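The following report walks through a single protein chain, taking up its helices one after another and then the space between them. Please keep the sequence and the 3D view open while reading.

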Amino acid sequence: MAAMLLIQLANALSVTVVDQVGPAGTAWLRMCCGALFLWPIARPRIRSIRRKDLPILLMLGLVTGFMTTCFLGAIERIPLGTAVAIEFLGPLLVAGIASKRRSVFPVWLSRRQ
């Protein structure tokens, strides 16, 4: 709950920053601030990262940055609430498909025709 609250707060605060530095600049600022915020909490040991993990970690960073830039580009063009609702549909759909119970889907979606 706290994570979602912080994400939505960051989204709301990003709206004004996007107007000044654009989606890519805002994504860069958000990721840098996130790293600075999490560094003292997580305290990862750099030596614990294996060489074979580096390509995967770099890809994760690139994909996260690209996804954030695309989302911020969307909130530059459409209202924040609409963009957040569309963003939420992806994980919601994946969770519904991965669920073993049909009751997670709304009644209109789970009816057989």
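## Helix H1 and its partners

The buried residues of H1 are Asn11, Ser14, Val18, Gly22, Pro23, Thr26 and Ala27, in what should be read throughout as a predicted model. These buried residues of H1 pack against H2 and H3. A kink of about 115 degrees lies in H1 at Val21, shortly before the proline Pro23. Whereas a straight helix of 41 residues would span 60 Å at 1.5 Å a residue, H1 spans only 16 Å between its end C-alpha atoms. After H1 comes Arg43, whose phi is positive, near 45 degrees.

Within helix H1 sits Thr26, a residue that deserves a separate look. Thr26 counts as buried because its relative accessibility is 2%, and the cut-off for that class is under 20%. If residues up to four places away in sequence are not counted, Thr26 touches Ser14, Val17, Val18, Val21 and Leu72. Along the chain Thr26 and Thr69 are 43 residues apart, yet their C-alpha atoms are separated by 7.7 Å.

## Helices H2 and H3

For helix H2, which covers residues 54-77, the 24 residues should span 34 Å at 1.5 Å a residue, and the end C-alpha atoms are 35 Å apart, which agrees. The 19 residues of H3 should span 27 Å on the same 1.5 Å a residue, and here too there is agreement, since the end C-alpha atoms of H3 are 28 Å apart. The table sets the spans of the three helices side by side.

| Helix | Residues in helix | Span expected at 1.5 Å a residue | Span between end C-alpha atoms |
|---|---|---|---|
| H1 | 41 residues | 60 Å | 16 Å |
| H2 | 24 residues | 34 Å | 35 Å |
| H3 | 19 residues | 27 Å | 28 Å |

In H2 the buried residues are Gly65, Thr68, Phe71, Leu72, Gly73 and Ile75, and what covers them includes helix H1 (2-42) and helix H3 (80-98). Leu72, one of the buried residues of H2, is also among the residues that Thr26 touches.

H3 bends by about 25 degrees at Leu89, and a proline, Pro91, follows within four residues. The buried residues of H3 are Ala83, Val84 and Gly96, and they pack against H1 and H2.

## The largest pocket

How much space lies in the largest pocket? The volume is about 1,600 Å³, and of the 41 residues that line this pocket, the closest to its centre are Arg30, Met31, Gly34, Ala35 and Leu38. H1, H2 and H3 each supply at least two residues of the lining, but H1 gives the most, with 24 residues. By residue class, the lining of the largest pocket divides into 31 nonpolar, eight polar and two charged residues.

## The chain as a whole

Taken over the full chain, the protein has four helices and zero strands, so that, in the order of the chain from the N terminus on, its elements run α-α-α-α. Of its 113 residues, 14% count as buried. Among the contacts in the protein with a separation of 6 or more, 55% are accounted for by residues 24 or more positions apart.

Note on methods: Residues numbered from 1 in each chain as written. Predicted model: local features only at pLDDT ≥ 70, side-chain atom pairs only at ≥ 80, totals over all residues. Heavy atoms only, no water. Expected span 1.5 Å × (residues − 1). Buried < 20%, exposed > 50% of the residue type's maximum accessible area, 1.4 Å probe, protein only. Contact = heavy atoms within 4.5 Å. Bend = angle between axes of the 7 residues up to and from the residue. 1 Å grid on protein atoms, 1.4 Å probe; cavity = no way out; pocket = protein on both sides within 12 Å on 5 of 7 lines; lining within 4 Å. Points joined across faces, edges and corners; volume = space filled by probe spheres on them. Nonpolar A, V, L, I, M, F, W, Y, C, P; charged D, E, K, R; others polar.
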